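Okay, hi everyone. I'd like to take a few minutes to walk you through the pockets in this protein and the ligand that comes with it. Have a look at the picture first, and then we'll go step by step.

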Amino acid sequence: EKQGYTHYMLKEIYEQPRAVAAAIEPHVNPEFFSVALKNIGFGQSVQKLEELDSKADWEKTKEVLKNIDRVFIIACGTSNYAGMVGKYLIEQLAKVPVEVDIASEFRYRNPVIPPKSLVMTISQSGETADTLAAIRMAKEMGATTLSICNVRNSTIDREADGHLYMNSGPEIGVASTKAFTSTMAVLNCFAIGFARLRGTMDEATEKELVKSLLAVPSQMEGVLAYDKYFEEAASKLKLFRGFLYMGRGSSFPIAMEGALKLKELAYMHAEGYAAGEMKHGPLALIDERMAIVMVAPTDHLYEKTISNLEEARARGGKVISIGTGDNEKLRAISEHYLAIPKAHWTTNSILTVIPLQLMSYHLACNLGYDVDQPRNLAKSVTVE
Ligand code: M6R
């Protein structure tokens, strides 16, 4: 079943271009480069979704979404980081305020959910106890709910009013990889569709964003080549005492996700931080035994990210950086520079996470750990 791969995780990392293509496919028209969210089925049972008339259903979805002026995204772990990327996408494109919360916090803090709120949950398994409790609570409070799941007909999928799917195929490795990138692709579709119907995006921008989204699967193929790179680099990288992952904007959740992957797979200390927070504490951690992992694709925050990077480097930190294309500056100041292809800011995150997945994978293999089944963890957390 591993189809020649040493681990499910590696197989699933390699499946990402296909998984992302499958996540986008139902919602985009590759001829007109437009988005029509397909068969969300607000108010319909999950069993009926396939039979819906897609055009009529999209009209219904538009009616529902037109009435929404606030979004809450609720999830756990990696799914929560995908939700954070979703916040940047939805706020920037559709100009609707988005709050992202960890399900176990949301459900116990008596959240204020105003009328006209959409509560969106993200769950690969669709069975995570806290996320399920959160969606039930949101429904009871009168919110419209929308789930993004990978497992169709899972409990969360069935509870939700509307349904989106990651379409990743089964994810067996405990560490989530393809479900994460597929979710970011679905969130791109959602944000574009939502922005169009709210009138915050013109047709030309829609075309541009859909084109960049359609280009992602083949761009991902190139980034997968870092597999060999990290296989070799792992024996050096494992000597670091700790790893500080940083990024700004939509690269901040990628820093969080990179750090989580390293913790759960290689059992090494890693922290994810918003790069702008460095001066407020973490700078004190930095010395030559600390690796700085900087997620710095070319976007409107790039210059600010670079000045944070220079500060960290001046304290002796060794730099592993991810940037766009042949970036001589980043290459010069980094021990390891990993390039992603030039992309729109909306899709950068789907590309920058891949080297981080591969780095954690190879560090864990090099250290002799069980990659597919890390200690103390379960694939699906069905108890709180
Ligand atoms: O199935 P879910 O997406 O609801 O799972 C949420 C988390 O348990 C999950 O993403 C977890 O953090 C992964 N092991 C991360 O790789």
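So, let's start with the largest pocket, which has a volume of about 580 Å³. Keep in mind that this is a predicted model. Which residues are closest to the centre of that pocket? Out of 26 lining residues, they are Cys 76, Gly 77, Thr 78, Lys 379 and Val 381.

Now, where does that lining come from? At least two residues each are supplied by helix H4, strand S5 (117-123), helix H6 (129-140) and helix H11. H11 gives the most, with four residues. If you sort the lining of the largest pocket by class, you get nine nonpolar, ten polar and seven charged residues.

Okay, on to the ligand. Where does it sit? The space it takes is the largest pocket, the one we've just been looking at. Two elements give two or more residues to the shell around the ligand: helix H4, which runs 77-94, and helix H11, at 251-266. Here H4 gives the most, with three residues. So keep the two lists apart: for the pocket lining, the top contributor is H11, while for the ligand shell it's H4.

How many residues surround the ligand? There are 13, and the closest are Ser 79, Ser 123, Gln 124, Thr 128 and Glu 264. By class, that shell has three nonpolar, eight polar and two charged residues.

Let's zoom in on some atoms. Ser 125 has a polar side-chain atom 2.7 Å from an oxygen atom of the ligand. With Lys 261, an N or O atom of the side chain is 3.0 Å from a ligand oxygen. Thr 78 does it through the backbone: one of its polar backbone atoms is 3.2 Å from an oxygen of the ligand. And how much of the ligand gets covered up? On its own, the ligand exposes 420 Å², and the protein buries 91% of that.

Last stop: the second largest pocket, with about 230 Å³ of space. It's lined by 13 residues, and nearest its centre are Pro 26, Lys 38, Asn 39, Glu 50 and Arg 152. Strand S7, residues 162-165, brings the largest share of that lining, three residues. The class split for this second pocket is five nonpolar, five polar and three charged.

That's my tour. Thanks for listening!

Technical notes:
Residues are numbered from 1 along each chain as its sequence is written. This is a predicted model: local features need pLDDT of at least 70, side-chain atom pairs count only at pLDDT 80 or more; totals for chains, interfaces and linings use all residues. Side-chain values use heavy atoms; hydrogens and water are left out. A residue is near a molecule or strand if one of its heavy atoms lies within 4 Å of it. A polar contact is a pair of N or O atoms within 3.5 Å; within protein, one must be able to donate a hydrogen and the other to accept it, and residues adjacent in sequence count only if both atoms are side-chain atoms. Accessible areas come from the Shrake-Rupley method with a 1.4 Å probe; for residues, only the protein chains shown count as cover. On a 1 Å grid over the protein atoms alone, a cavity is a set of points where a 1.4 Å probe fits but cannot get out, and a pocket is an open set with protein on both sides within 12 Å along at least five of seven lines; lining residues have an atom within 4 Å of a point. A molecule sits in a cavity or pocket if more than half of its atoms lie within 2 Å of its grid points. Ala, Val, Leu, Ile, Met, Phe, Trp, Tyr, Cys and Pro count as nonpolar, Asp, Glu, Lys and Arg as charged, and the others, Gly among them, as polar. Grid points are joined across faces, edges and corners, and a volume is the space filled by probe spheres set on the points.
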